[in-house]
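Work through the exercises below with the sequence and the structure at hand. Try each task before reading its solution.

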Amino acid sequence: MQVNVAQLLRAPIGSVRDYEINQVMDVTGGGVDSPVQGRVRLMRTNRSILVKGTLDTVVRLTCSRCLGQFSCPLKLNIEEEYFPTTDVVTGAAIDVPDEPGSFTIDENHILDLTEAVRQYALLAVPMKPLCAENCAGLCPVCGQNLNQGPCGCPSREADPRWAELSKLKKEKGN
Ligand SMILES: [Zn+2]
Ligand SMILES: [Zn+2]
């Protein structure tokens, strides 16, 4: 996911270039490639290249309720500043602003979006992924995935011990 920005670095401040992104990469670092598609706009600023755009990707996640694997679409709204490390005209080294986590453009004027995409994707992944809003989860008794149908264990309502428990809860006012 690399863009040569040598020309843009020579262009006047405010110049923009649009790029269509359509690639595959290991977005989550889990060894599985995901498609990454969308558009980014690169703008020359007085000190950097500003990258803005929206990328769509799909990652494989494990449902926190039923432990099943599912595909989760992610939308990444990327906005990052990339600082040049080499002056495009003179070839002299440029001091990069001392901002933690800032991205740089390498000495060959290549701007690499890969790390930004990875970071944005990790932030976009839900803390407790669910394969579906109404995922039925696993049976607490036999462990069957209840999305695939009932398991044959007595249901909670039918189990007198559960009925007793819920009565207790009601009395307590919960
Ligand atoms: Zn699930
Ligand atoms: Zn069961």
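**Exercise 1: Buried or exposed**

At 5% relative accessibility, Cys135 counts as buried. The model is a predicted one, and the exercises ask you to reason from values computed on it.

Task: Decide whether Cys63 and Cys151 are buried, partly exposed or exposed.

Solution. Begin with the cut-offs, by which a residue is buried under 20% relative accessible area, exposed over 50%, and partly exposed in between. Cys63 has a relative accessible area of 1%, so Cys63 is buried. Cys151 has a relative accessible area of 26%, and is therefore partly exposed. As a further case, Cys153 has 24% and is also partly exposed.

**Exercise 2: The zinc ion (ligand 1)**

Task: Find which residues hold the zinc ion (ligand 1) as protein donors, and work out why the arrangement of its donor atoms is called tetrahedral.

Solution. First list the donors, which are the SG atoms of Cys63, Cys66, Cys131 and Cys135, lying 2.3 to 2.4 Å from the zinc ion (ligand 1). Next look at where they sit along the chain, where their spacing is C-x2-C-x64-C-x3-C. Distant parts of the chain are linked here, since Cys63 lies in the loop between S4 and S5 while Cys135, 72 residues apart from it, lies in the loop between H2 and helix H3 (160–172). Finally turn to the angles: the four donor atoms subtend 105 to 114°, and therefore the arrangement is tetrahedral. For four tetrahedral donors the ideal angle is 109.5 degrees.

**Exercise 3: The zinc ion (ligand 2)**

Task: Describe which protein donors the zinc ion (ligand 2) has, and what geometry its site shows.

Solution. The donors are the SG atoms of Cys139, Cys142, Cys151 and Cys153, which lie 2.3 Å from the zinc ion (ligand 2). Along the chain they follow the spacing C-x2-C-x8-C-x1-C. The angles among the four donor atoms run from 106 to 113°, and the site is tetrahedral.

**Exercise 4: The sheet and its helix**

Task: Establish in what order the strands of the open sheet are arranged, and which helix lies across them.

Solution. Five strands form the open sheet in the order S2-S3-S4-S5-S6, and their pairing is mixed. At the edges are strand S2 (16–25) and strand S6 (103–105), each of which pairs on one side only. From one strand to the next the twist averages 30°. Within the sheet, S4 (residues 49–62) and S5 (residues 69–84) run antiparallel and are joined by 14 bridges, and Leu50 stands opposite Glu81 in S5. Lastly, helix H2 (residues 114–124) lies across S2, S3, S4, S5 and S6, and runs at about 135° to S5.

How values were computed. Residues are numbered from 1 along each chain as its sequence is written. Chains are lettered from A and ligands numbered from 1 in the order in which they are written. This is a predicted model: local features need pLDDT of at least 70, side-chain atom pairs count only at pLDDT 80 or more; totals for chains, interfaces and linings use all residues. Side-chain values use heavy atoms; hydrogens and water are left out. Two strands pair if DSSP finds at least two bridges between them. Helices (H or I, at least four residues) and strands (E, at least two) are DSSP runs, numbered from the N terminus. Axes are lines fitted to C-alpha atoms, for helices over the stretch in contact, and angles run from 0 to 180 degrees between N-to-C directions. Contact means heavy atoms within 4.5 Å. Donors are N, O and S atoms within 2.8 Å of the metal (3.2 Å for Na, K and Ca); water is not among the atoms, so sites may look incomplete. Four donors count as tetrahedral if all angles lie between 85 and 135 degrees; four count as square planar and six as octahedral if opposite donors are over 155 degrees apart and all others between 65 and 115; anything else is irregular. Buried means under 20% relative accessible area, exposed over 50%, partly exposed in between (1.4 Å probe, protein chains only).
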